[in-house]
Amino acid sequence: MTSTTLSASPPLLPRPAIEPTQPPISNDPPSFTPIHDASDINQIELLSVSWNQDYGCFAAGTSQDFRIYNCQPFKETFRRNLKTGGFKIVEMLFRCNILALVGGESNSHYPPNKVIIWDDHQSRCIGEFAFRSEVRAVKLRRDRIVVVLEHKIYVYGFMDLKLLHQIETSANPRGLCCLSHHSNTSVLACPGLYRGLIRVEHFGLNIMKLINAHDSHIACLTLTLDGLLLATASTKGTLIRIFNTMDGTRLQEVRRGVDRADIYSIALSPNFQWLAVSSDKGTVHIFHLRVRVFGGHSSSQQSSVQGPALLHQNSSTSLDALIPPSTGANPSSSLSFMRGVLPKYFSSEWSFARFHLPEDTQFIAAFGSQNTVVVVGMNGRCSFDPVHGGEMLQQEYVRFLKTKT
């Protein structure tokens, strides 16, 4: 059993510092560290990259510092070298001044079993959590701090650091966990206690749902911002499934490929229309979603549940009514009409658009504006045709960091 100790030194900041009206992190703070020359950059190892909650920024933890980047237009917003070593986890809270940090193995002051709540306006730690085992992930929303250990998840209140929930999980070395980020929903999804099982907590409704998502262990999962849709992949990496988090219904299943793959990331577009998947096969796949969400922006979570929250169709004859005429559909086998007779493979939905990268590059993808996908690792941006699909076009390439070779 893993126990936790908690200290706040000093107590967490008053509410105005984390309100949405808070100005974004300063673009040119007094302690900004200038970019080093190429010989210095070659000594830096990239430890992690992660998106902020709206995918407009990403954070990079390196063997020496942490850095924040804006995506469109691309620029380095700032970097911080605390002179203690590197950071393996850097979690942003939208674009405000608060970050959660976990040190790397070589960090002399912030060990990997401690979470630091960092206020960049004050340039200091304002709270910390210490555990008996290594921290696998940290997730933030405006009212919660979620710390993921290998077998347990702790949920804390943001303002007072009070422990609110403890969730037991199966072995979770990847630190899989995701949160909703709308003010009217409070949803958490994480691995359950058994292989292929996902636990969904609707904290605002006091509802817990268990979803048998896959036969293999879970490799990746993500929620829409309102928490009503969940997309998952297993360690097999061939199929991606989309679920209704309220009742656990499987709404759609798409096929990345036939060969086993390690899924790096899954992203759902803000308009619920597209899904992006990246893997170690060196390809970003784009799929068209056949689900539509209604009621997700109502004034309370309860009212959104009572309405027709999700509509989906599985028959090809009724598919056209759900797909706008301005977009295309995922391709499938010419023998898909024989579903139920032929093996499942022949009724699979394949990717609508795709972009190829070197197979030895680890990268994560998210949706940008105007049918674009931002790929971090490849360090660039590409676009897809929402009508015809096919191969995506690279629009921009930026080498934001040279990793150690």
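I began with V115: setting aside neighbours within four places in sequence, I found V115 in contact (heavy atoms within 4.5 Å) with A100, L101, V102, G127, E128, F129, F131, V135, V138 and V147. A note to self: this is a predicted model, where local features need pLDDT of at least 70, side-chain atom pairs count only at pLDDT 80 or more, and totals for chains, interfaces and linings use all residues. Residues are numbered from 1 along each chain as its sequence is written, and side-chain values use heavy atoms, with hydrogens and water left out.

Next I looked up the largest nonpolar core, meaning a set of buried Ala, Val, Leu, Ile, Met, Phe, Trp, Tyr and Cys residues joined through side-chain atoms within 4.5 Å; buried is under 20% relative accessible area with a 1.4 Å probe, protein chains only. This core has 22 residues, and V115, F131, V135, V138 and I145 touch the most other members. Among the elements giving two or more residues to this core are β8 (114-119) and β9 (124-131); strands here are DSSP runs (E, at least two residues). A second, separate core of 17 residues includes A233, I240, I242 and I263.

Then I turned to strand β24 (residues 283-288). Six of its six residues are buried, so β24 is largely enclosed by the rest of the structure. T283, H285 and F287 point one way, and V284, I286 and H288 the other.

Who pairs with β24? Strand β23 (residues 274-279) runs antiparallel to β24 and is joined by five bridges (pairing takes at least two DSSP bridges). Here S278 has V284 as its bridge partner. Strand β27 (residues 353-356) also pairs with β24 in the antiparallel sense, over four bridges, and T283 partners H356.

Technical notes:
Buried means under 20% relative accessible area, exposed over 50%, partly exposed in between (1.4 Å probe, protein chains only).
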